[in-house]
Amino acid sequence: MPTAFEISDDFIADQNKTKLEWLAEDLEYLGKKLRRRSVDIESMIEKASGLKVAVPSWGVGTGGTRFARFPGPGEPRGIFEKLEDCSTINKLVRTTGAVSLHIPWDKPENVSDLVRKAEACGLSFDAMNSNTFQDQPGQQHSYKHGSLSNANGAVRKQAIDHNIECIEIGKKIGSKALTVWVGDGSNFAGQSNFRHVLERYLESMREIYAAIPDDWKLFIEHKFFEPAFYSSVINDWGTSYFCARELGDKASCLVDLGHHAPNVNIEQIVARLIQFGKLGGFHFNDSKYGDDDLDTGSIKPFQLFLIFNELVDAELSGVPDFGPSYMLDQSHNVTDPIESLVTSAIEVSRAFVQAHLVDREKLVEAQVTGDAIAALAILKEAFTTDVSPILAAARMRSGGAIDPVSVYRQSGYRKEKAKERPAQVGVSAGIV
Ligand code: PSV
Ligand code: MN
């Protein structure tokens with residue numbers, strides 16, 4: 001078998017050489033500007049290097065809508081090739097060293113081979129994701145009318161067993177968390193009893209929780225609609241919080257940015273979950289209408305910044321046990337997924353560093369004196385600071401690319417993959 005094409009560290013370093021001078025100039029200028037605000041640019045570069053965000057295995061395939069999927073050339077044909085693409089993303093940005101698997105989409109034939117492949121790719125495994133929102137070939141019971149909340153105990157048992165299987169696979173590959181998102185809900189008024197479905201969901205989750213190892217976390221991901229269009233069982237953060245609290249300390253809430261009704265104040269939800277000790281993690285993406293799965297920061301970058309403002313505030317004020325997991329969850333039709341994920345990983349770092357530029361002393365002063373204009377100006381000063389040179393320096397110092405998308409394009413990676421990976425009919429690389 002010929003070896004798979006890779007973007008080498010030398011290639012990245014060579015490409016960086018052409019941009020070094022300008023980066024140094026930009027850093028010097030930004031460094032001076034930040035010094036005026038008593039911010040040390042070096043400490044910001046360190047901060048940027050420290051922030052990690054996991055990549056979803058399903059994000060490297062071209063996504064789809066309910067109507068169609070338009071596959072791109074050189075798409076990964078299985079989990080090994082997905083890991084290669086994830087490794088490429090990490091080589092370019094150096095902040096995405098972990099991959100989140102979705103079972104059964106990524107179910108390995110041989111776990112040891114999977115672990116070896118991940119090691120060779122320089123990757124580790126983030127949270128496991130169960131899938132009880134689709135029926136799989138040969139599956140005994142259908143999830144058409146729900147999974148963990150189904151009225152039929154045999155269906156619930158099948159869904160519980162699947163989640164336990166995900167935990168078992170996860171244990172073998174070094175994962176430390178299970179994310180449970182269910183599509184359970186209803187499409188018609190009266191179709192289900194709101195209280196009974198939640199009771200059954202909780203009963204099922206208690207069994208899953210019992211199988212969660214002590215050093216693991218169980219994330220509950222809520223979503224207000226889709227695939228159910230009238231009601232969803234785990235529809236909002238309040239329901240998610242209630243369930244996490246009922247289950248115990250290992251359970252917490254996962255916030256996917258696309259899973260809220262339009263205009264909902266997500267940063268306030270984040271603050272509430274921090275305050276209640278139940279913010280488990282994030283699925284970053286962006287949206288205009290619903291769960292659009294658009295690239296992170298591509299539609300509402302100020303919202304992303306405001307979310308990080310809450311996170312950094314919690315970090316700096318030493319909230320006990322604070323340490324949410326960060327993951328991207330996006331996938332759509334029109335871009336090269338590697339370019340999208342690279343760009344999104346950078347946007348997460350950007351919002352994080354910008355949030356670190358907020359003058360928090362002045363902000364508190366503005367808040368207690370009721371100076372709303374000053375408060376907003378303080379946030380805007382941080383948000384409008386172009387921190388790109390900080391992010392580029394952080395990447396370069398870790399061996400990544402100053403300009404990742406340009407390096408990726410110059411490398412010819414996609415063309416090479418198109419040769420190595422001839423298109424297959426029916427490959428489930430993305431989401432439809
Ligand atoms: C559901 O919309 C979701 O956000 C969940 O995280 C799923 O696991 C993922 O997308 C993939 O469908
Ligand atoms: Mn999600």
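Is the crossing of α12 and α13 left-handed or right-handed? To get there, let's walk through this predicted model together, beginning with its sheet and finishing at that pair of helices.

The sheet is open and has eight strands, paired in parallel fashion in the order β1-β2-β3-β4-β6-β8-β9-β10. At its edges lie β1 (55-56) and β10 (325-328), each of which pairs on one side only. If you would like to trace one pairing by eye, try β2 (residues 98-103) and β3 (residues 124-130): these strands run parallel and are joined by five bridges. A handy place to start is V99, whose bridge partner in β3 is F125. Helices pack on this sheet too. One of them is α9 (residues 266-275), which touches β8 (251-256) and β9 (279-284) and whose direction makes about 170° with that of β8. Another is α11 (residues 337-356), touching β1, β9 and β10, with its direction at about 145° to that of β10.

Now look at β6, which sits between β4 and β8 in the strand order. With β4 (residues 177-180), β6 pairs in the parallel sense over four bridges, and A177 has K217 as its bridge partner in β6. Toward β8, four bridges again make the link, and the two strands run parallel; here F219 is partnered by S252 in β8. How many of the residues of strand β6 (residues 217-221) are buried? Five of the five are, so the strand is largely enclosed by the rest of the structure. In a regular strand, side chains alternate between the two faces of the sheet. You can follow such a pattern in β6: K217, F219 and E221 point one way, while L218 and I220 point the other way. The buried residues thus include the charged pair K217 and E221.

That brings us back to the opening question. Two packed helices are described by the angle between their axes and the distance between the axes. For α12 (residues 360-368) and α13 (residues 372-383), the axes come within 8 Å and cross at roughly 160°. Because angles over 145 degrees count as roughly antiparallel, α12 is roughly antiparallel to α13. And the crossing of α12 and α13 is left-handed.

Which residues make this contact? On the α12 side they are K362, L363, A366 and Q367, and they meet A374, A375 and I378 in α13. Sorted by class, the contact has five nonpolar residues, one polar and one charged.

Methods
Residues are numbered from 1 along each chain as its sequence is written. Chains are lettered from A and ligands numbered from 1 in the order in which they are written. This is a predicted model: local features need pLDDT of at least 70, side-chain atom pairs count only at pLDDT 80 or more; totals for chains, interfaces and linings use all residues. Two strands pair if DSSP finds at least two bridges between them. Two residues are in contact if their C-beta atoms, placed from the backbone, lie within 7 Å. Axes are lines fitted to C-alpha atoms, for helices over the stretch in contact, and angles run from 0 to 180 degrees between N-to-C directions. Angles under 35 degrees count as roughly parallel, over 145 as roughly antiparallel, 65 to 115 as roughly perpendicular and the rest as oblique. A crossing is left-handed if the near helix is turned anticlockwise from the far one by less than a right angle, and right-handed if clockwise. A residue is buried if 20 or more other C-beta atoms lie within 10 Å of its own, exposed if 12 or fewer, and partly exposed in between; C-beta atoms are placed from the backbone.
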